[in-house]
Amino acid sequence: MKLYITPGSPYARMARIVVLEKKLESRVEIVFAKTRAAGSPYYAINPSGRVPYLVRDEGAGMEESALICDYLDRLDARPAFELPSGSAGLEARRLEALARSLLDGLAVWGRELARPSGERSRGVLAHETERARRMVDLWEKEIGHAHMRGALNMAQMTLGVALGLELRNPDFLWRAGHPQLAAWYNPLATRASFVATAPPRA
């Protein structure tokens, strides 16, 4: 299989983390895609141009990080990141959605910063800065939830990848005033799969 990624994509990073956590390196080839470039040969592979994109052994392509992570997790028939059942599963989904909300807003912020300075929208930057502030404040309270402790799960992974975008966005200064969140994140950031997939600094 081939997993198409870009080094700075947090969504691709989640898929790469699953590959490492599940020890799938011999089954999944990581391929660096050229995105946001006119005429990129990657568009012949994935017309949407998004990453991550997984091309399975039989040739079918899969897009969307949550779907790809779930597929990779089940390859060995021993899923490690499967949701618990009942009310615990609903809580897991709630927390994962909150983490995804932070991640999605940070991704929009990052894309805006990647534009030439004269083309950036002040309104978008202000909106996403404030959204991130609110979400980090919320996570300072939510991080004590039992689901955010113990074995790595998708909510933890999503939140960890989101907070790791501090490497890409020097204005994302989430640590000040959030000691519980920082104390949770710091050991996660030293996990081998997170170290190996850390995004390049902006």
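This passage looks at the overall build of the protein and then at how a few of its helices pack together.

The model is a predicted one. It holds 7 helices and 4 strands. Read from the N terminus, these elements follow the order β-α-β-β-β-α-α-α-α-α-α. As for overall dimensions, the C-alpha trace spans about 50 × 50 × 30 Å along its principal axes. A compact globule of 202 residues would have a radius of gyration near 17 Å, and the protein, with 17 Å, agrees with that. Buried residues account for 45% of the 202 residues. Contacts also reach along the chain: of those between residues at least 6 apart in sequence, 65% join residues at least 24 apart.

Next comes helix α5, which covers residues 154–163. Of its 10 residues, 10 are buried, so α5 is largely enclosed by the rest of the structure. The buried set includes Q156, T158 and G160, along with M154, A155, M157, L159, V161, A162 and L163. What do these buried residues of α5 pack against? Their partners are α1, α2 (65–73), α3, α4 (122–142), α6 (179–189) and α7 (192–196).

One of those partners, α1, is worth a look on its own. Two packed helices are described by the angle between their axes and the distance between the axes. For α1 (residues 10–21) and α5, the axes come within 10 Å and cross at roughly 135 degrees. That angle makes α1 oblique to α5, and the crossing is right-handed. On the α1 side the contact is made by P10, R13, M14, I17 and V18, while α5 supplies M157, T158 and V161. Sorted by class, this contact of α1 with α5 has 6 nonpolar, 1 polar and 1 charged residues. The spacing on the α1 side can be read against a simple rule: an α-helix has 3.6 residues a turn, so residues three or four places apart point the same way.

Helix α1 also meets helix α3 (residues 86–114), with axes that come within 10 Å and cross at roughly 130 degrees. The two helices are therefore oblique to each other. Here P10, Y11 and M14 of α1 touch R100, L103, D104 and A107 of α3. The residues of this contact of α1 with α3 divide into 5 nonpolar, no polar and 2 charged. P10 and M14 thus turn up in both settings, since they are listed for the contact with α5 and for the contact with α3.

Notes:
Residues numbered from 1 in each chain as written. Predicted model: local features only at pLDDT ≥ 70, side-chain atom pairs only at ≥ 80, totals over all residues. Heavy atoms only, no water. Axes fitted to C-alpha atoms, helices over the stretch in contact; angles between N-to-C directions. Parallel < 35°, antiparallel > 145°, perpendicular 65-115°, else oblique. Left-handed = near helix turned anticlockwise from the far one by under 90°. Contact = heavy atoms within 4.5 Å. Nonpolar A, V, L, I, M, F, W, Y, C, P; charged D, E, K, R; others polar. Rg over C-alpha atoms; globule rule 2.2 N^0.38 Å. Buried < 20%, exposed > 50% of the residue type's maximum accessible area, 1.4 Å probe, protein only.
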